[in-house]
Amino acid sequence: MKAKQIVKSIFALLLTAVTLVSMAPEAVKASELPYTTYNYNYWEYIVYTPAAYEPDFSVSGKDLTYNGEPIGPFVTPQDMCVSDEGLIYLADTGNNRIVVMDGKMSEVKRIITTFDNDGTEDTFKQPTGVAVSESNQLYIADSQNKRIVVLNEDGTLARIVSNPTSEALDDGFVFVPLKVSVDYADRIYCVAQNMFEGIMVFETNGEFTGFFGTINVEITLWEKFWRKLASKEERAKSQLFIPTEFTGIDIDPDGFVYASNIDPNGVQGVRRLNPRGEDVIKKGANENLGGDLQIDGTTDYSGPSQFVDVVYRDKGIYSCLDRKRGRVFTYDHEGNLLYIFGGLGTQAGTFKLPVAVENVGNDLLVLDATDAKVTYFKETEYGRLINDAVGLRYDGDEAEAVDLWQRVLYLDENNELANTGIGKAYLTAGDYEQAMKYLKLGMARDYYSVAYRRHRNNFLTENANVYLTALIVVIVLIVIYNNLKKRGIIVTKKKKKGDEQNA
C-alpha cells in the first residue's frame, strides 16, 4: 500500500513539473529572438528577462494592394499614427503620400496624394509627420512645402498652417515642420527643423502662439569661465549652449504632452509637459529616463540611447524608441523601466533605422525608414501581466494586482517591480511583516522604511502592557530591595581593607 502511494506521489510530481513547464513558454521564445531581452536591477546591472513583446509580422508597401492594384514599396517613411478607430496612417515620405491601413495592416483603406486647395489640385512634398485628432481631422507635416496641411475626414481641406509670424521668431526664420500632434482642443503642437526654443504651438485657427517646453542645456563652471575669456567670434561659433531639439511628440487624453529628445548624457530622453510647459515627469528610483544605462566594464556600451519617438499608451505607460540600438524602452507613470525589446539587424524584430513607434491596443508598431516597413509586435503573456498589473496599480488597486505580480515572479523571479507591487499591497493591507519581506526583495527602500516603522510601532503598541507591567515589577522589586537593605534585613558582605589590598 505504501509503495502504491509512493508511486502516485512521484507521478503527481512529474505531472506538476510538466504542467509548470508548459505554463512558461516566454522564456523559451525569448531565447529564439535575434536579440536579448533584459532590464536593470536596483544596482543598475543588467538582468535578463522573458520577452514582453515578440515580432508577429511586418508589412512593406510591396505587400499591399489598393483597389486591386499594388501600391508599390514605401520609400523612406518617417512617421505614423493610429486613430481612435484603429486606422493606421503612415507618412510615406519618399512617395509624397499618406497611406491609410486597417489595424492589422492587411488592407489599404485610402491613399492620399492630392487635395483640393481652393480649386487647384495640390500635392505633398516629403511629408514627415502625421497625426489624427479626436474629430478625425488629419494633420500632415508637409515639410518641404513648409506647411501643416489639415484635412477633414472626407479628404477636403480644412486649413493650411504656414509662414508663422511672431516677435519670438528670428528674422528670416524658415518654417519646416517635422512632427505634428494635436490635443483635445485641436491645438497643434509642432516639432520644427532647427527650432531649439521648443515645440511650436498653434491655435485651432492656425495662429502661432509661442513655444512650449524648452530644454535648456546646463552650463558647467568651466564653460562659464571659458565664455568670459572667449572672443565674440568664438562664442558665436560655439554650439555648447544651444537647447536640445525635440524629436517626437504625443499627447495623452488629459492634454499632457510627451516629447522625446536626444540627451547627450543619456539621462533624460523624454519629458511630460503640463499645460504650462513644465516637465512633471517622474524619474523612478535611479532618476534615469534615458534608455540604456552606462555600466562600468560593459563592453557593448557605445554611447547613450537616442530617443527619436515616444507614444503614450494607457494607464500612465509610455514607450520610447531608441534609434541608437533599435530598442523600445517602456516606462510606467512612476518612471520605472518595465521592459526592453528590439535591436538592430536584418532579422525579424530588428531594424536598420527605426523612426517611429505607435500602439494598436496593447500591441506595438515600429516603423523602419531604411527597410521601409512596419513591424507588428505582439504582447506576450509576460508583457500582458506587467501591463495589467501596472494598470491596476495606476488605478490604486494594489490588492487586485497581487495575483498578476505573483505570476510575473513565476516567469521572472528577479523582477523587482513585481516584488515591490506585492509589498505595497501588503503595506496597504496592514501586513507589515510580509510587506517588509517583498519590499526588501524589490529594493524599495522608501516603502520598506515605512513598513518597518509601522511594524515597529504596531509591535510596541501590541506589547505595551507587557513592557509596562515588566517595568513596574522591576521598579517595585528595586524599591522593596532598597527598603529591606535599609532595615538591615538584607546584609551585604563588606570586604575588609586587607582583603581589598590582597585582592
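**Notebook: charged residues, buried and exposed**

I looked up Arg97 first and found a relative accessibility of 8%, so Arg97 counts as buried, the cut-off being under 20%. I am working from a predicted model, and I keep that in mind for every entry here.

**Entry: Arg97.** I placed Arg97 in strand S8, which covers residues 97-101. I then asked which side chain Arg97 makes a polar contact with. I found the side chain of Asp92, at 2.6 Å.

**Entry: salt bridges.** I took the total for the structure, which is 21 salt bridges. I went through some of them one by one.

**Entry: Asp79 and Lys179.** I noted a salt bridge between these two side chains, with 3.8 Å from N to O. I checked where the partners sit: Asp79 belongs to strand S6 and Lys179 to strand S16 (residues 177-182), so I logged the pair as a link between distant parts of the chain, 100 residues apart. I also looked up their accessibility, and both Asp79 and Lys179 are buried.

**Entry: Arg187 and Asp183.** I found the side chains of Arg187 and Asp183 joined in a salt bridge, at 3.0 Å from N to O. Buried or exposed, I asked of Asp183? Its relative accessibility is 3%, so I entered Asp183 as buried. For Arg187 I read a relative accessible area of 24%, so I entered Arg187 as partly exposed.

**Entry: Lys424 and Glu334.** I recorded a salt bridge here too, with the closest N and O atoms 3.8 Å apart. I traced Lys424 to helix H7 (residues 416-429) and Glu334 to the loop between strand S25 (327-331) and strand S26 (337-342); this pair also links distant parts of the chain, 90 residues apart. I found Lys424 buried, and Glu334 likewise.

**Entry: a network.** I asked which residues are joined into one network by salt bridges that share partners. I listed Glu381, Arg384, Asp388, Asp403 and Arg407.

**Entry: negative patch.** I turned to the surface and found a negative patch formed by Asp84, Glu85, Glu134, Glu153 and Asp154. I followed up one of its members, Asp84. I located Asp84 in the loop between strand S6 (79-82) and strand S7 (88-92). I read 64% relative accessibility for Asp84, which means that Asp84 counts as exposed, the cut-off being over 50%. For contrast, I noted again that Asp79, in strand S6, is buried.

Note on methods:
Residues numbered from 1 in each chain as written. Predicted model: local features only at pLDDT ≥ 70, side-chain atom pairs only at ≥ 80, totals over all residues. Heavy atoms only, no water. Patch = residues over 30% accessible without salt bridge, like charges linked within 9 Å, V, L, I, M, F, W, Y side chains within 5 Å. Areas by Shrake-Rupley, 256 points an atom, 1.4 Å probe, with all protein chains shown as cover. Salt bridge = Lys/Arg side-chain N within 4 Å of Asp/Glu carboxyl O. Lys, Arg positive; Asp, Glu negative; His and termini not counted. Charge placed at Lys NZ, Arg CZ, Asp CG, Glu CD. Helix = DSSP H or I, 4+ residues; strand = E, 2+ residues; numbered from the N terminus. Buried < 20%, exposed > 50% of the residue type's maximum accessible area, 1.4 Å probe, protein only. Polar contact = N/O pair within 3.5 Å; in protein donor to acceptor, adjacent residues only side chain to side chain.
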